[in-house]
Amino acid sequence: MTPWSRIIERTVDGVVILDMSAGWVALADSPASLLGTIEQLIDQGRVHIVVNLGEVPSVDSDGLGEIVRGFNDAREAGGRLVLCGVAAHLRELLATTKLD
């Protein structure tokens, strides 16, 4: 699998948006760690986060695990992590696992 090559961070109205580059999300091999980025943001007090998966065609189990952990970490810090641009099959998986 080819992991994403980078995470582009931008802020709009106090909300951090993480734009994921095109490719499969295989975080164990990725040079860019989604969870590491989320943890850094939370440590900085930036707890309202959107992960834009609009250019990501699929997410493997490692990627899903990082998304879930980031969601929980943001919630525990009093914030919220939201996904946008989610591919249809990933939306179905999230609904099946009650993570939607």
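A contact here means heavy atoms within 4.5 Å. On that basis, in this predicted model, residues 24 or more positions apart account for 70% of the protein chain's contacts with a separation of 6 or more.

**Layout and confidence**

The protein chain holds 3 helices and 4 strands, and reading from the N terminus the order is β-β-α-β-α-β-α. Out of its 100 residues, 43% are buried. The accessible surface adds up to about 5600 Å², with carbon and sulfur atoms taking 50% of that.

As for how far to trust the coordinates, the mean pLDDT of the protein chain is 83, and 82% of the residues score at least 70. Broken down by element, β3 has the highest mean pLDDT, at 96, while α3 has the lowest, at 83. Where pLDDT is low, the predicted coordinates should not be read in detail.

**Strand β2 and its partners**

Let's start with β2, which covers residues 15-20. This strand is largely enclosed by the rest of the structure, because 5 of its 6 residues are buried. β2 pairs with β1 (residues 7-12) and also with β3. The two pairings look like this:

| Pair | Sense | Bridges | Residues standing opposite |
|---|---|---|---|
| β1 and β2 | antiparallel | 6 bridges | isoleucine 8 and aspartate 19 |
| β2 and β3 | parallel | 4 bridges | leucine 18 and valine 51 |

β1 and β2 make a hairpin, with 2 residues between the strands. Aspartate 13 sits in that turn and has a positive phi of about 50 degrees.

**The nonpolar core**

The largest nonpolar core has 21 residues, and the members touching the most others are Leu18, Met20, Leu34, Ile38, Ile49, Val51 and Leu53. Two or more core residues come from each of β2 (15-20), α1 (34-43), β3 (48-52), α2 (61-76) and α3 (88-96). Which element gives the most to this core? That would be α1, with 4 residues.

Val51 is a handy place to look around from. Which residues is valine 51 in contact with, leaving aside its neighbours within four places in sequence? The list is Leu18, Met20, Leu34, Leu81, Val82, Leu83 and Cys84. Leu18, Met20 and Leu34 in that list also appear, along with Val51 itself, among the core members that touch the most others. Leu18 comes up in the strand pairing too, since leucine 18 of β2 stands opposite valine 51 in β3.

How values were computed: Residues are numbered from 1 along each chain as its sequence is written. This is a predicted model: local features need pLDDT of at least 70, side-chain atom pairs count only at pLDDT 80 or more; totals for chains, interfaces and linings use all residues. Side-chain values use heavy atoms; hydrogens and water are left out. A nonpolar core is a set of buried Ala, Val, Leu, Ile, Met, Phe, Trp, Tyr and Cys residues joined through side-chain atoms within 4.5 Å. Buried means under 20% relative accessible area, exposed over 50%, partly exposed in between (1.4 Å probe, protein chains only). Two strands pair if DSSP finds at least two bridges between them. Accessible areas come from the Shrake-Rupley method with a 1.4 Å probe; for residues, only the protein chains shown count as cover. pLDDT is the predictor's confidence in each residue, from 0 to 100.
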